[in-house]
Amino acid sequence: MPDDCLFCKIVAGEIPSTPVLDRENVYAFRDVAPAAPVHVLVVPKRHIGDVRDLQAADGDVLIEMFQAANEIAASEGIAETGYRVIFNVGRDAGQTVFHLHMHLVGGKPLGGVGPG
Ligand code: AMP
């Protein structure tokens, strides 16, 4: 893991976060600047840079991330009303943290494509 990776430090408990779900390979916590009533970040515990770095061997952890999203949507009460999952990739998407993360956003109508 890079020494300066914010989400590695959050996974390690070196930087505080508000946990939502903690599994063997996946951790989920509340976004510090929520874009909607529900805004949770789902990350692999193992450092993966971003979508561009994904390998076939990462398939299992990706499935775990989506399973986590399904669980969180249910526990947050938005599984039926709907939500958005977003992976920002690179500059034009506004990516700021280079540790793979899924935004799970919902709890209000989100309009067109975008984080809401
Ligand atoms: P992205 O723009 O896709 O790279 O998303 C990074 C997200 O991390 C943003 O939505 C930030 O609000 C969020 N974020 C940054 N620092 C923290 C932190 N310490 N705890 C929780 N979320 C954070």
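Helices (H or I, at least four residues) and strands (E, at least two) are DSSP runs, numbered from the N terminus. The exercises below concern a predicted model.

**Exercise 1. Placing Gln95.** State where Gln95 lies, decide whether Gln95 is buried or exposed, and list its side-chain contacts with the backbone.

Solution.
Step 1. Gln95 belongs to the loop between β4 and β5.
Step 2. The relative accessibility of Gln95 is 8%. Buried means under 20% relative accessible area, so Gln95 counts as buried.
Step 3. A polar atom in the side chain of Gln95 lies 2.6 Å from the backbone nitrogen of Gly90.
Step 4. The side chain of Gln95 also reaches the backbone oxygen of Val97, at 3.2 Å.

**Exercise 2. The surroundings of the ligand.** Determine where the ligand sits and describe the residues and elements around the ligand.

Solution.
Step 1. The ligand occupies the largest pocket.
Step 2. Two elements give two or more residues to the shell around the ligand: α1 (6-12) and β2 (26-30).
Step 3. The greatest share comes from α1, which gives three residues.
Step 4. There are 16 residues around the ligand, and those that come nearest are Asp31, Asn88, Thr96, His101 and His103.
Step 5. By residue type, the shell holds eight nonpolar, six polar and two charged residues.

**Exercise 3. Polar atoms facing the ligand.** Identify side chains with an N or O atom 2.8 Å from an oxygen atom of the ligand, and give the fraction of the ligand area that the protein buries.

Solution.
Step 1. The side chain of Asn88 has an N or O atom 2.8 Å from a ligand oxygen.
Step 2. For the side chain of His101, the corresponding separation from an oxygen atom of the ligand is 2.8 Å.
Step 3. The side chain of His103 likewise places an N or O atom 2.8 Å from an oxygen atom of the ligand.
Step 4. The ligand taken alone exposes 510 Å², of which the protein buries 82%.

**Exercise 4. Two histidines beside the ligand.** Give the location of His101 and of His103, and establish whether each is buried or exposed.

Solution.
Step 1. His101 lies in the loop between β4 (83-86) and β5 (102-106), whereas His103 is part of strand β5.
Step 2. The relative accessible area of His101 is 8%, and His101 is therefore buried.
Step 3. His103, at 12% relative accessibility, also counts as buried because the limit is 20%.
Step 4. His101 and Val42 are 59 residues apart in sequence, and their C-alpha atoms are 5.5 Å apart in space.
Step 5. The side chain of His103 is joined to that of His39 by a polar contact of 2.8 Å.

**Exercise 5. Three partly exposed loop residues.** Which loops hold Gly82, Val89 and Ser17, and what separates each from a chosen partner in sequence and in space?

Solution.
Step 1. Gly82 is in the loop between α2 (59-75) and β4. With 27% relative accessibility, Gly82 counts as partly exposed, because the value falls between the 20% and 50% limits.
Step 2. Gly82 and Ala56 are 26 residues apart in sequence and 29 Å apart in space, taken from C-alpha to C-alpha.
Step 3. Val89 is in the loop between β4 and β5, and Val89 is partly exposed at a relative accessible area of 30%.
Step 4. Between the C-alpha atoms of Val89 and Asp31 there are 17 Å, and these residues are 58 residues apart along the chain.
Step 5. Ser17 is in the loop between α1 and β1 (19-22), and a relative accessible area of 25% makes Ser17 partly exposed.
Step 6. Ser17 and Arg30 are 13 residues apart along the chain, with 7.1 Å between their C-alpha atoms.

Technical notes:
Residues are numbered from 1 along each chain as its sequence is written. This is a predicted model: local features need pLDDT of at least 70, side-chain atom pairs count only at pLDDT 80 or more; totals for chains, interfaces and linings use all residues. Side-chain values use heavy atoms; hydrogens and water are left out. A residue is near a molecule or strand if one of its heavy atoms lies within 4 Å of it. A polar contact is a pair of N or O atoms within 3.5 Å; within protein, one must be able to donate a hydrogen and the other to accept it, and residues adjacent in sequence count only if both atoms are side-chain atoms. Accessible areas come from the Shrake-Rupley method with a 1.4 Å probe; for residues, only the protein chains shown count as cover. On a 1 Å grid over the protein atoms alone, a cavity is a set of points where a 1.4 Å probe fits but cannot get out, and a pocket is an open set with protein on both sides within 12 Å along at least five of seven lines; lining residues have an atom within 4 Å of a point. A molecule sits in a cavity or pocket if more than half of its atoms lie within 2 Å of its grid points. Ala, Val, Leu, Ile, Met, Phe, Trp, Tyr, Cys and Pro count as nonpolar, Asp, Glu, Lys and Arg as charged, and the others, Gly among them, as polar. Buried means under 20% relative accessible area, exposed over 50%, partly exposed in between (1.4 Å probe, protein chains only).
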